[in-house]
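Work through the exercises below with the model open beside you. Each one sets a task and then solves it in steps.

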Amino acid sequence: MSFQRLIRFVSTDGKTLYGDLVKNIPTLEIEGTKVAVLEGDIESGFHRTGAEATVQKLLCPLPKAHIIQCIGLNYKQHAAEANLKIPEFPMNFTKPPETLAGPLETIDVDPSAQKQLDYEGELVVVIGRDAKNVSAADALSYVAGYTTGNDFSARDWQLPITPGQQFCYGKSFDKFAPIGPAIVSPSVIPDPQKLHLVTKVNGKQVQETGTDDMIFSVAQIIEHLTRGRTLKAGSLVMTGTPSGIGLFIEGGLLKHGDVVEVTIDEIGSIYNKIAF
């Protein structure tokens with residue numbers, strides 16, 4: 001893919017470009033930084049142009065996604081806090097492409113999704129080439145990179161878990177899947193099960209985990225999602241959230257003006273303000 005930390009941005013001359021950060025720069029310091037300009041896309045790959053540009057506005061690292069595949073109940077501690085049995089197979093649902101949002105973007109929440117709005121900090125996998133019937137042993141070779149994400153959820157639409165529930169509906173409002181700040185190459189992250197994730201709301205830590213607490217590894221998830229079906233290049237996989245969701249904390253559900261920060265050490269942070 002010829003990048004280490006792929007970002008997408010508006011330059012000081014008003015152009016929308018891809019760039020390579022090369023090193024892990026704190027998200028709030030990326031704007032104003034000069035980066036190497038790249039050309040290409042996830043499907044065909046990227047190459048350096050030899051030019052440099054200054055980041056004026058940091059954007060979502062991808063302009064679109066074919067689909068956002070999501071895994072629920074994928075951390076042992078989260079299963080314990082929810083008092084739910086560990087599943088035999090990865091629990092899968094989807095979010096539409098319209099849920100995609102940027103790392104610094106305000107999340108404008110429709111009134112119908114405000115009653116029980118919750119956060120879910122997650123590791124997100126970007127698929128780099130079409131995958132079908134992929135074994136876990138080969139799965140990571142299909143990964144273009146990793147990024148930080150938040151699976152925002154309207155719990156009152158999602159729960160209780162009963163026949164006819166609106167599980168996907170409650171997770172599919174516009175901008176309910178911010179990611180960023182960069183897509184980090186597997187050359188930088190050779191083992192996605194050795195990462196550290198923290199979620200904060202208004203600066204207070206609410207989630208903390210190592211990705212080694214996952215029930216199903218990234219490789220196992222890709223194997224499951226490609227069994228008899230094609231996972232297209234440019235698709236995203238949200239790999240599940242750890243314990244500490246707002247639903248299980250008194251006063252933990254989100255309100256107007258809250259800022260949710262999700263950080264994965266080797267990737268960086270996303271900061272999303274809630275607007276009702």
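**Exercise 1: A salt bridge across the chain**

The side chains of Glu 266 and Arg 5 meet in a salt bridge, 3.8 Å from N to O. A salt bridge here is a side-chain nitrogen of Lys or Arg within 4 Å of a carboxyl oxygen of Asp or Glu. The model is predicted: local features need pLDDT of at least 70, side-chain atom pairs count only at pLDDT 80 or more, and totals for chains, interfaces and linings use all residues. Residues are numbered from 1 along each chain as its sequence is written, and side-chain values use heavy atoms, with hydrogens and water left out.

Task: place both partners in the fold and state how exposed Glu 266 and Arg 5 are.

Solution.
- Step 1. Glu 266 lies in the loop between β17 (259-264) and β18 (268-275), and Arg 5 lies in strand β1, so the pair ties together parts 261 residues apart in sequence. Helices (H or I, at least four residues) and strands (E, at least two) are DSSP runs, numbered from the N terminus.
- Step 2. Glu 266 is partly exposed, at 37% relative accessible area. Arg 5 is buried, at 6%. Buried means under 20% relative accessible area, exposed over 50%, partly exposed in between (1.4 Å probe, protein chains only).

**Exercise 2: The domain interface**

Task: describe the contact between domain 1 and domain 2.

Solution.
- Step 1. Set the bounds: domain 1 is 5-59 and domain 2 is 68-274. These bounds come from an automatic or database domain assignment.
- Step 2. Count residues. Domain 1 gives 12 and domain 2 gives 19 to the contact, where contact means heavy atoms within 4.5 Å.
- Step 3. Take the area. The two domains bury about 1200 Å² between them, 61% of it on carbon and sulfur atoms. Buried area is the accessible area (1.4 Å probe) that two parts lose on being put together, summed over both.
- Step 4. Find the main contributors in domain 1. Arg 5, Thr 27 and Ile 42 lose the most area to domain 2, together 46% of what that side buries.
- Step 5. Count salt bridges between the domains: there is one. Arg 5 and Glu 266 form a salt bridge.

**Exercise 3: Lys 175 and two acids**

Task: which acidic residues form salt bridges with Lys 175, and where do they lie?

Solution.
- Step 1. Glu 105 pairs with Lys 175, with the closest N and O atoms 3.3 Å apart. Glu 105 sits in the loop between β7 (100-101) and β8 (107-108), and Lys 175 in the loop between α2 and β13 (177-184), 70 residues apart.
- Step 2. Asp 108 also meets Lys 175 in a salt bridge, at 3.2 Å from N to O. Asp 108 is in strand β8, 67 residues from Lys 175.
- Step 3. Check exposure. Glu 105 is partly exposed at 28%, and Asp 108 is partly exposed at 47%.

**Exercise 4: Two residues that meet Glu 120**

Task: how do Arg 155 and Asn 150 approach Glu 120?

Solution.
- Step 1. Arg 155 is in helix α2 (residues 155-158) and is buried at 3% relative accessible area.
- Step 2. The Arg 155 side chain makes a polar contact with the side chain of Glu 120 at 2.8 Å. A polar contact is a pair of N or O atoms within 3.5 Å; within protein, one must be able to donate a hydrogen and the other to accept it, and residues adjacent in sequence count only if both atoms are side-chain atoms.
- Step 3. Asn 150 lies in strand β11 and is buried at 0%. A polar atom of its side chain lies 2.9 Å from the backbone nitrogen of Glu 120.
- Step 4. Widen the view. Arg 155 and Glu 120 belong to a network of salt bridges that also links Lys 95, Asp 118, Asp 151 and Lys 171.
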